[in-house]
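Please open the model in your viewer and keep the sequence beside it, so that each selection can be followed in both places. The tour moves from single residues to whole sheets and back again.

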Amino acid sequence: MNKPLLIESRITEDVVFGRNVKVVQPVNIYGCEIGSDCFIGPFTEIQKTVRIGNRTKIQSHTFVCELVTIGDDCFIGHGVMFINDVFQSGGPARGDKTKWKSTTIGNMVSIGSNATILPVTICDNVVIGAGAVVTRDISMPGVYAGNPAKKIK
Ligand SMILES: CC(C)(COP(=O)(O)OP(=O)(O)OC[C@H]1O[C@@H](n2cnc3c(N)ncnc32)[C@H](O)[C@@H]1OP(=O)(O)O)[C@@H](O)C(=O)NCCC(=O)NCCS
């Protein structure tokens with residue numbers, strides 16, 4: 001009988017935490033920086049090179065991939081998916097990180113549950129609706145929703 005290689009999800013030693021961070025396990029967090037007074041909910045994965053500012057809340061089941069930066073005082077809802085590989089060559093980059101793209105989220109950005117964030121830049125003071133798919137940079141504060149996300153307010 002074959003046995004799979006089992007790898008435990010965990011928080012690795014190289015994660016840099018600010019003061020007073022609360023993490024609800026299980027999580028898989030490695031090689032990233034998380035600011036002070038943050039909350040990280042269960043079943044989240046936060047990958048290496050990610051930087052999260054102060055007082056930002058990441059709710060359960062969210063995936064924050066490499067090359068994502070999130071500012072201060074943000075709220076990232078449940079099951080939010082960030083993307084760095086847009087399959088630019090017609091399929092996954094298969095480890096070729098030169099094909100990955102970065103995402104920058106400003107301060108005071110709230111992202112509703114189940115939103116998908118392609119590699120974009122989002123300015124400060126933006127609300128993204130639940131289930132939105134953000135495909136383009138957002139440079140004006142406001143409320144954005146839908147697929148593709150458009151300004152609704
Ligand atoms: C986007 C959002 C902030 C807008 O809230 P609001 O300002 O009260 O907006 P309204 O409910 O008045 O809706 C305005 C219009 O946008 C539409 N709309 C609202 N939310 C939407 C969404 N997530 N996706 C697509 N359309 C949406 C409404 O159907 C309405 O359309 P209509 O004018 O054609 O009837 C809110 O609906 C939302 O998605 N919040 C996310 C909450 C969340 O995920 N919280 C996580 C913790 S539980």
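A residue is called buried if 20 or more other C-beta atoms lie within 10 Å of its own, exposed if 12 or fewer do, and partly exposed in between. Keep in mind throughout that the model is predicted.

**First selection: H61 and T49**

Select H61, which is found in the loop between β8 (57–58) and β9. Is H61 buried, exposed or partly exposed? With 17 other C-beta atoms within 10 Å, H61 is partly exposed, because that count falls in between the two limits. Its backbone deserves a look as well, since phi of H61 is near 65°, a positive value in a residue other than glycine. Most residues other than glycine have a negative phi.

Now select T49, which sits in the loop between β6 (45–46) and β7 (51–52). Phi of T49 is near 75°, again a positive value in a residue other than glycine. T49 has 14 C-beta neighbours inside 10 Å and therefore counts as partly exposed.

**Next: E66 and its surroundings**

From T49, go to E66, in the loop between β9 (63–64) and β10. Leaving aside neighbours within four places in sequence, E66 is in contact with Q47, K48, T49, V50, N84 and W100, and you can select these residues together to see its surroundings. E66 and N84 are 18 residues apart in sequence, while their C-alpha atoms are 7.0 Å apart in space. Because 18 other C-beta atoms lie within 10 Å of E66, this residue is partly exposed.

**The whole chain**

Zoom out and colour the protein chain by secondary structure, which shows zero helices and 20 strands. The C-alpha atoms fill a box of roughly 55 × 45 × 25 Å, taken along the principal axes. The chain has 153 residues, for which a compact globule would have a radius of gyration near 15 Å, and the 16 Å of the protein chain agrees with this. Of the 153 residues, 29% count as buried.

**The two open sheets**

Select the strands β1-β4-β7-β10-β13-β16, which form, in that order, an open sheet of six strands with parallel pairing. Which strands stand at the edges? They are β1 (16–17) and β16 (121–122), and each has a single partner strand, so one side of each is left without a neighbour in the sheet. At one end of this order, two bridges join β13 (residues 103–105) to β16, and the two strands run parallel; here T104 stands opposite T121 in β16.

Then select the open sheet of eight strands, whose order is β2-β5-β8-β11-β14-β17-β19-β20 and whose pairing is mixed. Its edges are β2 (22–23) and β20 (150–151), each with a single partner strand, so one side of each is left without a neighbour in the sheet. Within this sheet, β17 and β19 run parallel and are joined by three bridges, and the bridge partner of I128 in β19 is Y144. By contrast, β19 (residues 142–145) and β20 run antiparallel, joined by two bridges, and A145 has K150 as its bridge partner in β20.

**The hairpin and the cis bonds**

Stay with the hairpin of β19 and β20, which has four residues between the strands, and select G146, where phi is positive and near 95°. P148 lies in the loop between β19 and β20, and the peptide bond from N147 to P148 is cis, with omega near -5°. Another cis bond leads from Q25 to P26, with omega near 5°; P26 is in the loop between β2 and β3 (28–29). Most peptide bonds are trans.

**The nonpolar core**

Select V64, V68, I111, A115, I117, I128 and V134, which touch the most other members of the largest nonpolar core, a set of 31 residues. To this core, β10 (68–70) and β17 (126–128) each supply at least two residues. Centre the view on I117, in strand β15 (residues 116–117), which counts as buried because it has 24 C-beta neighbours inside 10 Å. Not counting residues up to four places away in sequence, I117 touches V80, F82, I83, T103, I111 and V134.

**Last stop: the ligand**

Finally, show the ligand and the 13 residues that surround it, of which the closest are G77, G112, G129, A130 and A145. By class, this shell has six nonpolar, six polar and one charged residues.

Notes:
Residues are numbered from 1 along each chain as its sequence is written. This is a predicted model: local features need pLDDT of at least 70, side-chain atom pairs count only at pLDDT 80 or more; totals for chains, interfaces and linings use all residues. A residue is near a molecule or strand if its C-beta atom, placed from the backbone, lies within 6 Å of it. Ala, Val, Leu, Ile, Met, Phe, Trp, Tyr, Cys and Pro count as nonpolar, Asp, Glu, Lys and Arg as charged, and the others, Gly among them, as polar. Two strands pair if DSSP finds at least two bridges between them. The radius of gyration is taken over C-alpha atoms; the globule rule is 2.2 Å times the number of residues to the power 0.38. A nonpolar core is a set of buried Ala, Val, Leu, Ile, Met, Phe, Trp, Tyr and Cys residues joined through C-beta atoms within 7 Å. Two residues are in contact if their C-beta atoms, placed from the backbone, lie within 7 Å.
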